[in-house]
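Dear colleague,

Please find the structure below, handed over for your records. My notes on it come after.

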Amino acid sequence: MKLNYNIVLIGFMGTGKSTISAHLSRCFDMETVDMDQVIAEKEGMSISKIFETYGEEYFRNAETNLLKELQSRKNVVISCGGGTPLREENVKEMKKNGKVVLLTAKPETIFERVKDNHDRPLLENNKSVEFIEELMLKRMDKYMAAADIIIETDNKSKQEICDELINAL
Ligand code: S3P
């Protein structure tokens, strides 16, 4: 498979964007760009440290700049941060050369996936199903508006999710 566009994975924290991106890239020999990882490498510090040192706005600007850079590429799986599609400008950039795929999961599933991780500043002192549900609800309209394809991930293997995604392209 060789696409002349990019696949852009969006969704709340813990919906499996990085996992699915890595699996797609293995199965279809596509390059992957994990936005959080690239930004952390460029800045030479973890996402938590970037938030702490420069604030969220700085991180959000870095996301916008990176999306603009990625427009010139194709056949890349881009896994966004959970907040990337909240800026309208970012969604415009994604859609210029990408199919936007929204991964979803229930708050309970997300809680199980993120509870032992400490690299998500927005959840660090808020690890509860209730908080996750509330933040997810606040964001859902924007996620849905950005999505070309929507895939539920609860109780599915990464292979099943990738198959569903490829069939929907
Ligand atoms: C964020 C999600 C994180 C990361 C940052 C902010 C968000 O990415 O970009 O902590 O606003 O939802 P993941 O979705 O990969 O955890």
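The notes below cover the ligand site and then two helix contacts.

This is a predicted model, in which local features need pLDDT of at least 70 and side-chain atom pairs count only at pLDDT 80 or more, while totals for chains, interfaces and linings use all residues. Residues are numbered from 1 along each chain as its sequence is written, and side-chain values use heavy atoms, with hydrogens and water left out.

The ligand is surrounded by 13 residues (a heavy atom within 4 Å), and the closest are K17, D36, R60, R120 and R139. Polar side-chain atoms lie at these distances from an oxygen atom of the ligand (a polar contact is a pair of N or O atoms within 3.5 Å): 2.7 Å for K17, 2.6 Å for R120 and 2.7 Å for R139. Of the 390 Å² of accessible area that the ligand has on its own, the protein covers 95% (Shrake-Rupley method, 1.4 Å probe).

Helices here are DSSP runs of H or I with at least four residues, numbered from the N terminus. Helix α1 (residues 17-28) packs against helix α8 (residues 158-168) at about 70°, with the axes 10 Å apart; axes are lines fitted to C-alpha atoms over the stretch in contact, and angles run from 0 to 180 degrees between N-to-C directions. The two are therefore roughly perpendicular (65 to 115 degrees). Among the residues in contact (heavy atoms within 4.5 Å) are H23 and F28 of α1 and Q159 and I166 of α8.

Helix α2 (residues 35-43) and helix α4 (residues 56-70) pack at about 110°, their axes also being 10 Å apart. This angle makes α2 roughly perpendicular to α4. Residues meeting there include M35 and D36 in α2, and Y58 and F59 in α4.

Kind regards

Conventions: Parallel < 35°, antiparallel > 145°, perpendicular 65-115°, else oblique. Polar contact = N/O pair within 3.5 Å; in protein donor to acceptor, adjacent residues only side chain to side chain.
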